[in-house]
Amino acid sequence: MSYPTTPNPSSLKITGVSPTLTSITHSLKRQARSRGGQRWLIEANYPPMTRSDFAPLWAFANAQQGQYNTFTYKPPIYKDTSGTATGTLLANGAASAGDSSITCDGLTGTLKAGDFIKFAGHDKVYTLTADGSTTIAIEPPLLSAVADNEAVTYNDVPFTMSFADDNQEMSVGVEQLVGFSIKLVEVV
């Protein structure tokens with residue numbers, strides 16, 4: 001199931017969450033350890049809408065049963081590469097869980113640092129940490145292995161999400177326009 005693509009939100013906030021454990025010793029040295037996880041949070045605010053424009057969003061939100069169901073969400077603007085990449089991007093050789101650099105082929109042009117990608121066999125969305133076309137550097141490191149010739153999506157990247165809360169709320173103003181915002185969390 002996919003989140004409705006219209007109407008478009010008026011603002012979008014994407015947050016990368018990478019939990020760490022940090023402490024400062026008595027000698028003021030910093031110690032840090034990664035907890036090894038990462039996920040995306042997405043917040044979208046919509047402009048005031050008529051009831052008929054809002055109805056598909058409200059129906060979809062309520063059908064999710066709070067945080068229970070998952071769906072795909074393609075964030076406007078950021079779902080596509082900002083680079084010049086064209087072609088079918090494939091992993092060139094297998095990559096292991098924990099790898100943060102993957103060799104690829106089949107691409108003309110370049111993917112840009114900050115672009116989102118998704119491997120065919122993964123629910124996780126990764127971000128590029130450097131420009132690339134034949135070798136791509138990603139964060140977080142792979143959660144699971146990638147097979148040789150596994151397809152890599154770099155346009156229309158679908159995030160697997162759920163609502164971040166069990167409550168979905170809308171408001172209606174005196175002009176009878178509906179106000180609505182969403183908070184989503186990546187599910188992997």
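**Notebook: cores, sheets and pockets**

I began with the surroundings of His122, which touches Leu142, Ser144, Ala145, Val146 and Glu150, leaving aside residues up to four places away in sequence. The model I am reading is a predicted one. I located His122 in the loop that connects strand 8 with strand 9 (126–128). Is His122 buried or exposed? Its relative accessibility is 7%, so I enter His122 as buried.

**Entry on the cores**

I next looked up the largest nonpolar core and found 22 residues in it. Tyr3 and Phe180 are the residues with the most contacts inside this core. Which elements give two or more residues to it? I noted strand 4 (39–45), helix 1 (51–63), strand 5 (71–73), strand 12 (159–163) and strand 14 (178–186). A second core, separate from this one, has 18 residues, and I list Ile117, Phe119, Tyr126 and Leu142 among them. Leu142 had already appeared in my notes as a contact of His122.

I then examined Phe180 by itself. Setting aside residues up to four places away in sequence, I recorded that Phe180 touches Tyr3, Asn45, Tyr46, Met49, Phe54, Leu57, Trp58, Ala61, Glu169 and Met170.

**Entry on strand 14 and its partners**

I followed the pairing of strand 14 in turn. Strand 4 runs antiparallel to strand 14 and is joined to it by five bridges. Within this pair I found Asn45 bridged to Ser181 of strand 14. Strand 12 is also antiparallel to strand 14, with three bridges between them; here Ser162 has Val185 as its bridge partner. Strand 13 and strand 14 are likewise antiparallel and joined by three bridges, and I saw Val172 opposite Val178 of strand 14. The hairpin of strand 13 and strand 14 has five residues between the strands, and in it Gln176 takes a positive phi near 60 degrees.

**Entry on the six-stranded sheet**

I traced an open sheet of six strands in the order 6-7-10-9-8-11, with antiparallel pairing. Which strands lie at the edges? They are strand 6 (86–91) and strand 11 (152–153), each of which pairs on one side only. I checked the link between strand 8 (residues 116–119) and strand 11: the two run antiparallel and are joined by two bridges. Lys118 stands opposite Thr153 of strand 11.

**Entry on the pockets**

I turned to the largest pocket, whose volume is about 240 Å³. It is lined by 15 residues, and I noted Asn167, Glu169, Ser181, Ile182 and Lys183 as the closest to its centre. Which strand supplies the largest share of this lining? Strand 14 does, with five residues. Strand 4, strand 13 (170–172) and strand 14 each give the lining at least two residues. By class, I recorded five nonpolar, six polar and four charged residues in the lining of the largest pocket. Two of my earlier names recur here: Ser181 is the bridge partner of Asn45, and Glu169 is one of the residues that Phe180 touches.

I closed with the second largest pocket, which holds about 200 Å³ of space. Of its 13 lining residues, Tyr3, Pro4, Thr5, Tyr73 and Lys74 are the closest to its centre. I entered the lining of this second pocket as seven nonpolar, four polar and two charged residues. Tyr3 was already in my notes on the largest nonpolar core, where Tyr3 and Phe180 have the most contacts.

Methods:
Residues are numbered from 1 along each chain as its sequence is written. This is a predicted model: local features need pLDDT of at least 70, side-chain atom pairs count only at pLDDT 80 or more; totals for chains, interfaces and linings use all residues. Side-chain values use heavy atoms; hydrogens and water are left out. A nonpolar core is a set of buried Ala, Val, Leu, Ile, Met, Phe, Trp, Tyr and Cys residues joined through side-chain atoms within 4.5 Å. Buried means under 20% relative accessible area, exposed over 50%, partly exposed in between (1.4 Å probe, protein chains only). Helices (H or I, at least four residues) and strands (E, at least two) are DSSP runs, numbered from the N terminus. Contact means heavy atoms within 4.5 Å. Two strands pair if DSSP finds at least two bridges between them. On a 1 Å grid over the protein atoms alone, a cavity is a set of points where a 1.4 Å probe fits but cannot get out, and a pocket is an open set with protein on both sides within 12 Å along at least five of seven lines; lining residues have an atom within 4 Å of a point. Grid points are joined across faces, edges and corners, and a volume is the space filled by probe spheres set on the points. Ala, Val, Leu, Ile, Met, Phe, Trp, Tyr, Cys and Pro count as nonpolar, Asp, Glu, Lys and Arg as charged, and the others, Gly among them, as polar.
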